[in-house]
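I opened this model to look up the surroundings of the ligand, the core and the strand pairing. My entries are below, in the order of looking.

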Amino acid sequence: MSVRVVARIRPLLEKELDRDVIVRADRVAEGAPLTLVKIPSPKNETEEFSFAFNRVYDQSASQEDIFTAEVAPHIKSLFQGLDVTIFAYGVTGTGKTHTMRGGLKLADRGVIPRLLSNVFRRAKKTMKDTEGATSVAVALSYYEIYNDKVYDLLEPPEKRTPTGLPLREKDGKTIVVGLSERLCQDLKDFERLYIEANNNRITAATKLNAHSSRSHAILRVKVTQTTGDAVRESTASAIDLAGSEDNRRTDNGKERLIESAAINKSLFVLSQCIDAISRGDKRIPYRESKMTRILSLGQNNGITIMILNLAPLRSYHLDTLSSLNVSSRAKRIEVREIENEIVYKQPPRTNSGLSGGEIQRQPLR
Ligand code: ADP
Ligand code: MG
């Protein structure tokens, strides 16, 4: 199991051009790739926190750049039988949906349509190269987890049971009982289904008077390669996570409190799993949330990529810091002085208790 954590800083939107930018990408040395995210301390603006990632993408990174560098190299592994999981993590408004789904224009298309397009291309190639001896089937599942309940997005919202779909263990794997699966022949097929399912998601959220940014949306692409009696199955999962902001600050309604706790818990478990996998731990706490359980995160032989989406604006300051704390595997604090620059290798925990979120109260490492 390998895990890679990258950050993507989104550009300013048209209406934000006059606003204060406080987040920047940086490198450890001249000529090195971008791997650092820098952000001032909210308590003392002359201090700057620095967070390290496997790679950082700045405002200039295109959808194609992200896909080509982070996802395309793993399509081959997928066809070799490995599971590939891509998460978009971050505060609402930072570009998760843009990164995963993207816009309609060709250049704006996100990870998901590009992934499908590549999978179909490779499936065709495999069948051609084996002169038809190997057949490849691509099947889609799409569901959301809201308040720790699983709902099928390929079904219309009126067919939902309020309790959601149950989970069951089978051959050491967690399965969602009754989750539908649709075979897809080509990109057009996929797009039809995907648009319909995303509409289902919005309709369902509207009915509940909720917002889709409060649920995790999980797209699963199952690739089945059959050669005679031999069947090889692998899945690519693309996940647009619920917003990581602490809703308790702005919304004190009782319903929202429960919701926020459920969201924070699953996001916290996710970050613990990512941490444990990246440390090479034997025990991955994947059973502690439905999302990580369904993905059997850390249990399979696979590749996990987490994309932390960031908005560079000051208005996101505390939420951005909190998401950086959760996602970054290495963190340093630098104190900027005029004459000299002191670098503390040991991060003093001055940034704990920034927000009342459950995430911050837990020791991260
Ligand atoms: P989230 O899903 O995290 O809530 P969105 O993907 O909806 O955030 O992004 C918020 C807004 O910013 C949207 O209008 C989106 O189109 C825009 N946006 C996000 N990332 C980019 C980007 N890399 N380039 C251009 N616009 C972006
Ligand atoms: Mg979104």
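The entries go from the whole chain to the ligand, then to the core and the strands.

**Entry 1: the chain.** I note at the start that the model is predicted. I counted secondary structure and found nine helices and 16 strands in the chain. The chain has 365 residues, and 39% of them are buried. I then looked at contacts with a separation of 6 or more, and 65% of these join residues 24 or more positions apart.

**Entry 2: around ligand 1.** Which residues come nearest to ligand 1? I listed 13 residues around the ligand, and R10, G95, K96, T97 and H98 come nearest. Sorted by class, the shell holds nine polar, two nonpolar and two charged residues. I also asked which element gives the largest share of this shell. Helix α3, residues 96-100, does so with three residues.

**Entry 3: the record.** I checked UniProt for annotations. The entry, which is unreviewed, has a "binding site" annotation that covers G90, V91, T92, G93, T94, G95, K96 and T97. G95, K96 and T97 are covered by that annotation, and I had already listed G95, K96 and T97 among the residues that come nearest to ligand 1. I took two of the annotated residues, T92 and K96, for a further look.

**Entry 4: T92 and K96.** I located T92 in the loop between β6 (83-90) and α3, while K96 is found in helix α3. Are they buried or exposed? T92 counts as partly exposed because it has 19 C-beta neighbours inside 10 Å, and a buried residue needs 20 or more. K96 has 28 other C-beta atoms within 10 Å, so K96 is buried. I then listed contacts, leaving out residues up to four places away in sequence. On that basis T92 touches S213, G243 and E245. The list for K96 is A88, G90, D240, L241 and N309.

**Entry 5: the nonpolar core.** I looked up the largest nonpolar core, which has 81 residues. The members that touch the most other members are V37, V111, L115, V221 and A238. Helix α6, residues 254-279, gives the most to this core, with eight residues. I followed A238 further: beyond its neighbours within four places in sequence, A238 is in contact with I86, M100, V111, I112, L115 and L219. Two of these contacts, V111 and L115, are themselves on the list of core members that touch the most others.

**Entry 6: strands.** How do β6 and β13 pair, parallel or antiparallel? I found β6 and strand β13 (residues 230-240) paired in the parallel sense over five bridges. I86 has A238 in β13 as its bridge partner, and I86 is also in the contact list of A238. On β12, residues 216-227, the pairing with β13 is antiparallel and runs over eleven bridges. In that pairing I noted E233 as the bridge partner of T224, and A236 as the bridge partner of V221. Both V221 and A238 come from my core list. β12 and β13 form a hairpin with two residues between them. In the turn, G228 has a positive phi of about 60 degrees.

I ended with strand β7, residues 134-146, which pairs with β12 in the antiparallel sense over twelve bridges. There V136 stands opposite Q225 in β12.

Note on methods
Residues numbered from 1 in each chain as written. Chains lettered and ligands numbered in written order. Predicted model: local features only at pLDDT ≥ 70, side-chain atom pairs only at ≥ 80, totals over all residues. Near = placed C-beta within 6 Å. Helix = DSSP H or I, 4+ residues; strand = E, 2+ residues; numbered from the N terminus. Nonpolar A, V, L, I, M, F, W, Y, C, P; charged D, E, K, R; others polar. UniProt positions renumbered as here; feature names shortened; annotations may be inferred. Buried ≥ 20, exposed ≤ 12 C-beta atoms within 10 Å, placed from the backbone. Contact = placed C-beta atoms within 7 Å. Core = buried A, V, L, I, M, F, W, Y, C linked by C-beta atoms within 7 Å. Pairing = 2+ DSSP bridges.
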